[in-house]
Amino acid sequence: SYTCERVGSESIECRFGAKIAVSPGLLSRTDRVEGCRYAPSGNMSGWFLMTPEYDGSIDGFKSMQPTHTFHVLHRRPDLAKYLALEPGYAFDTEATSEIWAEPTLLS
């Protein structure tokens with residue numbers, strides 16, 4: 001994908017049937033999203049998508065909902081350009097440096 005080429009990431013598809021961990025309210029909003037991709041496991045794509053209210057606490061983590069990629073893209077098509085980024089990448093839709101490599105996601 002163009003986004004992957006632009007930042008030097010390999011393009012790793014996120015299948016429609018794979019699941020993405022989504023923080024509450026993300027699919028009903030149109031504003032800022034932060035995402036990070038860990039290594040895929042089973043039917044999980046490795047993606048975690050969060051709203052700005054997500055605080056990273058264990059309670060916040062427990063509130064994440066596994067959601068099929070299809071449903072995420074249906075409600076938030078603006079996120080499609082990020083979902084082929086390889087594991088170890090993160091993004092923030094409102095940051096100056098929108099996409100960056102985050103090696104700690106792989107350890």
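This briefing describes the sheet, the nonpolar cores and the salt bridges of one protein chain. The model is a predicted one. Six strands make up an open sheet with mixed pairing, the largest nonpolar core has 18 residues, and seven salt bridges are found in the structure.

**The sheet**

- Read across the sheet, the strands come in the order β4-β1-β3-β2-β5-β6, and the two at the edges, β4 (65-68) and β6 (99-101), each pair on one side only.
- From one strand to the next, the twist averages 25 degrees.
- As a general background point, strands of a sheet pair through backbone hydrogen bonds, and they do so either parallel or antiparallel.
- Strands β2 and β3 run antiparallel and are joined by four bridges; along this pair, Glu-34 stands opposite Met-50 in β3, while Arg-37 has Trp-47 in β3 as its bridge partner.
- The hairpin of β2 and β3 has six residues between the strands, and in this hairpin Gly-42 takes a positive phi near 60 degrees.
- Strand β2 is also joined to β5, with which it runs antiparallel, by three bridges, and here Gly-35 stands opposite Phe-91 in β5.

**The nonpolar cores**

- Within the largest nonpolar core, the residues with the most contacts are Ile-20, Trp-47, Leu-49, Leu-79, Leu-85 and Phe-91.
- This core receives at least two residues from each of β1, β3 (44-50), α3 (69-75) and β5, so that a helix and strands of the sheet both contribute to it.
- Leu-49, one of the residues with the most contacts inside the core, touches a list of residues that are more than four places away in sequence, among them Ile-20, Leu-79 and Phe-91, which are themselves named with Leu-49 for their contacts inside the core.
- Other residues that Leu-49 touches include Glu-34 and Gly-35, each of which has a partner across the sheet, Met-50 for Glu-34 and Phe-91 for Gly-35.
- A second core, separate from the largest one, consists of seven residues, including Ala-21, Cys-36, Met-50 and Met-64; of these, Ala-21 and Met-64 are also among the residues touched by Leu-49.

**The salt bridges**

- Arg-32 and Asp-92 form a salt bridge in which the closest N and O atoms are 2.4 Å apart. Arg-32 lies in the loop between β1 (19-22) and β2 (34-37), whereas Asp-92 belongs to strand β5 (residues 89-92), and the pair therefore ties together parts that are 60 residues apart in sequence.
- The two partners in this pair are not equally accessible, since Arg-32 is partly exposed with a relative accessible area of 27%, whereas Asp-92 is buried with a relative accessible area of 5%.
- Arg-76 forms a salt bridge with Asp-78, with 2.8 Å between the closest N and O atoms; Arg-76 is buried at 2% relative accessibility, but Asp-78 is partly exposed at 38%.
- The side chains of Asp-31 and Arg-29 also meet in a salt bridge, at 2.8 Å from N to O, and here both partners are partly exposed, with values of 32% for Asp-31 and 22% for Arg-29.
- Finally, Arg-6, Lys-81 and Glu-98 are linked with one another in a network of salt bridges.

How values were computed
Residues numbered from 1 in each chain as written. Predicted model: local features only at pLDDT ≥ 70, side-chain atom pairs only at ≥ 80, totals over all residues. Heavy atoms only, no water. Salt bridge = Lys/Arg side-chain N within 4 Å of Asp/Glu carboxyl O. Buried < 20%, exposed > 50% of the residue type's maximum accessible area, 1.4 Å probe, protein only. Core = buried A, V, L, I, M, F, W, Y, C linked by side-chain atoms within 4.5 Å. Contact = heavy atoms within 4.5 Å. Pairing = 2+ DSSP bridges. Axes fitted to C-alpha atoms, helices over the stretch in contact; angles between N-to-C directions.
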